[in-house]
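This briefing goes through selected local features of one structure, beginning with strand pairing and then turning to one residue's surroundings and to the surface. Please read the points below alongside the sequence and the coordinates.

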Amino acid sequence: NTLVIETMGQIVGFCGYGKCRDTDMTADTGEIWGMYMLSSYHGRGWGKHLMNVALMELRLLGYKKASLWVLSTNQRAIDFYRAQGFTEDGMLKEVLMKTPVKEVRMIRPTLE
């Protein structure tokens with residue numbers, strides 16, 4: 001499932017969501033698989049709206065809580081997710097992009 005924000009024919013943001021892929025999480029956990037907004041559209045409230053719709057869709061799919069992974073160095077995104085009710089749960093993983101990078105897992109304990 002992917003939500004897209006488009007303006008004047010240009011995609012400026014997206015959010016993918018669905019079943020949590022982490023084997024240590026319970027079946028009632030949905031996941032924000034990825035979220036991105038062009039930097040020129042930061043601060044307009046569109047990211048918050050995108051997240052709210054994704055969380056509502058996860059609720060409608062029957063999930064009770066949500067998780068996501070974010071680059072540990074992306075403080076702007078971490079702050080945004082905290083403002084949306086997510087907190088770090090202490091899980092870290094290393095993924096290979098061009099070089100190895102660390103991601104931190106964040107959990108929103110309720111979708112209410």
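In this predicted model, strand β4, which covers residues 65-71, pairs with strand β6, residues 100-108, in the antiparallel sense over six bridges. Strand β5, spanning residues 87-96, also pairs with β6 in the antiparallel sense, here over seven bridges.

**Strand pairing around β6**
- Within the pairing of β4 with β6, the residue that stands opposite Arg108 of β6 is Ala66.
- Between β5 and β6, Glu94 stands opposite Lys102 in β6, and the two strands form a hairpin in which three residues lie between them.

**The surroundings of Thr29**
- Thr29 belongs to strand β3, which runs over residues 29-37, and, because its relative accessible area is 1%, under the 20% cut-off, Thr29 counts as buried.
- When neighbours within four places in sequence are left aside, the contacts of Thr29 are Lys19, Cys20, Tyr63, Lys65, Ala66 and Ser67; one of these, Ala66, is the residue that stands opposite Arg108 in β6.

**A nonpolar patch at the surface**
- Val4, Ile11, Phe14 and Tyr36 make a nonpolar surface patch of about 380 Å².
- Val4, one of the residues of this patch, lies in strand β1, which is formed by residues 2-7.
- Val4 counts as partly exposed because its relative accessibility of 45% falls between the 20% and 50% cut-offs.

Notes. Residues are numbered from 1 along each chain as its sequence is written. This is a predicted model: local features need pLDDT of at least 70, side-chain atom pairs count only at pLDDT 80 or more; totals for chains, interfaces and linings use all residues. Side-chain values use heavy atoms; hydrogens and water are left out. Helices (H or I, at least four residues) and strands (E, at least two) are DSSP runs, numbered from the N terminus. Buried means under 20% relative accessible area, exposed over 50%, partly exposed in between (1.4 Å probe, protein chains only). Contact means heavy atoms within 4.5 Å. Two strands pair if DSSP finds at least two bridges between them. Patches are made of residues with over 30% relative accessible area and no salt bridge: like charges are joined within 9 Å, nonpolar side chains (Val, Leu, Ile, Met, Phe, Trp, Tyr) within 5 Å. Accessible areas come from the Shrake-Rupley method with a 1.4 Å probe; for residues, only the protein chains shown count as cover. A salt bridge is a side-chain nitrogen of Lys or Arg within 4 Å of a carboxyl oxygen of Asp or Glu.
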